[in-house]
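This report goes through one chain, from single residues to helix packing and overall dimensions. The sequence and the model come before the text.

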Amino acid sequence: MAEERLYGLFLKAKENETRCIERIHGGGRWPSFHQCHRKRGHGKDGLYCKIHDPEVVKAKAEAKDKAWHTKWDYERSKEELSRLEHEAHQPMLEALKNVKKNLELQGLDVPGLVGNIGYQEVCAAIAKAEGK
Ligand SMILES: [Zn+2]
């Protein structure tokens with residue numbers, strides 16, 4: 001004899017053999033589970049509807065899990081990048097200031113002079129880095 005499946009409040013409802021065997025929580029105060037209203041024909045022995053086919057349910061859960069991990073990896077890489085930028089900020093600014101000073105010491109800060117290539121950009125980058 002096949003396994004008897006019961007549904008409803010106090011499990012008093014018998015299985016409808018044309019419908020999916022999934023138990024759906026009634027959402028009420030009592031633990032009441034009614035049988036899924038959809039027609040069966042999917043999954044193992046064709047006992048499930050399209051939505052409750054265990055393979056579909058599993059695939060859906062896996063896809064959700066994968067999406068969550070992808071999002072988590074993305075957030076983590078964003079944090080990592082922001083940390084690197086933060087750490088690099090001060091040394092880069094110091095390096096630029098040294099380059100600027102060096103160009104000025106060599107008299108290469110005069111606009112239009114051959115050899116002052118980069119001086120304007122260095123000044124602009126320093127100003128930007130200092131929030132000016
Ligand atoms: Zn169902």
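## Helix H1 and its surroundings

Ala63 is located in helix H1, where helices (H or I, at least four residues) and strands (E, at least two) are DSSP runs numbered from the N terminus. This is a predicted model, in which local features need pLDDT of at least 70 and side-chain atom pairs count only at pLDDT 80 or more, while totals for chains, interfaces and linings use all residues. Residues are numbered from 1 along each chain as its sequence is written.

Ala63 is exposed, as 10 other C-beta atoms lie within 10 Å. The terms are set as follows: buried means 20 or more other C-beta atoms within 10 Å of the residue's own, exposed means 12 or fewer, and partly exposed is in between, with C-beta atoms placed from the backbone. Ala63 and Gln35 are 28 residues apart along the chain, and their C-alpha atoms are separated by 26 Å.

The end C-alpha atoms of H1 are 75 Å apart, which agrees with the 76 Å that its 52 residues should span at 1.5 Å a residue; the expected span is 1.5 Å times one less than the number of residues. H1 is hardly covered, and the count of buried residues among its 52 residues is zero. At His89, H1 bends by about 35°, and the proline Pro91 follows within four residues. The bend is the angle between axes fitted to the seven residues ending at a residue and the seven starting there. After H1 comes Gly107, with a positive phi near 70°.

## Packing of H1 and H2

How far apart are the axes of H1 and H2? The axes of H1 and helix H2 (residues 119-129) are 10 Å apart, and the two helices pack at an angle of about 145°. Axes here are lines fitted to C-alpha atoms, for helices over the stretch in contact, and angles run from 0 to 180 degrees between N-to-C directions. The crossing of H1 and H2 is left-handed, a term for the near helix being turned anticlockwise from the far one by less than a right angle, with clockwise giving right-handed. On the H1 side the contact is made by His89, Leu93, Leu96, Lys97, Val99, Lys100 and Leu103, and on the H2 side by Tyr119, Val122, Cys123, Ala125, Ile126 and Ala129. Two residues are in contact if their C-beta atoms, placed from the backbone, lie within 7 Å.

Leu103 belongs to H1 (residues 54-105) and is partly exposed, with 19 other C-beta atoms within 10 Å. Beyond its neighbours within four places in sequence, Leu103 is in contact with Leu108, Asp109, Asn116 and Tyr119. From Leu103 to Val122, 19 residues on in sequence, the C-alpha to C-alpha distance is 9.9 Å.

## Loop residues

Four loop residues are listed with their C-beta neighbour counts.

| Residue | Location | C-beta atoms within 10 Å | Class |
|---|---|---|---|
| Phe10 | loop between S1 and S2 | 9 | exposed |
| Leu11 | loop between S1 and S2 | 14 | partly exposed |
| Gly26 | loop between S3 and S4 | 14 | partly exposed |
| Tyr48 | loop between S4 and H1 | 24 | buried |

Phe10 has a positive phi near 60° and is a residue other than glycine. Leu11, also not a glycine, has a positive phi of about 50°.

Gly26 is in contact with Ser32, Phe33 and His34, leaving aside neighbours within four places in sequence. Gly26 and Leu9 are 17 residues apart in sequence, with 9.0 Å between their C-alpha atoms.

Not counting residues up to four places away in sequence, Tyr48 touches Cys20, Ile21, Glu22, Arg40, His42, Gly43, Asp53 and Pro54. Tyr48 and Arg83 are 35 residues apart along the chain, and their C-alpha atoms are separated by 50 Å.

## The chain as a whole

The chain has two helices and four strands, in the order β-β-β-β-α-α from the N terminus. Its radius of gyration is 34 Å, well over the 14 Å that the globule rule gives for 132 residues, so the chain is more spread out than a compact globule. The radius is taken over C-alpha atoms, and the rule is 2.2 Å times the number of residues to the power 0.38. The C-alpha trace spans about 100 × 30 × 20 Å along its principal axes. Of the 132 residues in the chain, 7% are buried. Among contacts with a separation of 6 or more, 23% are between residues 24 or more positions apart.
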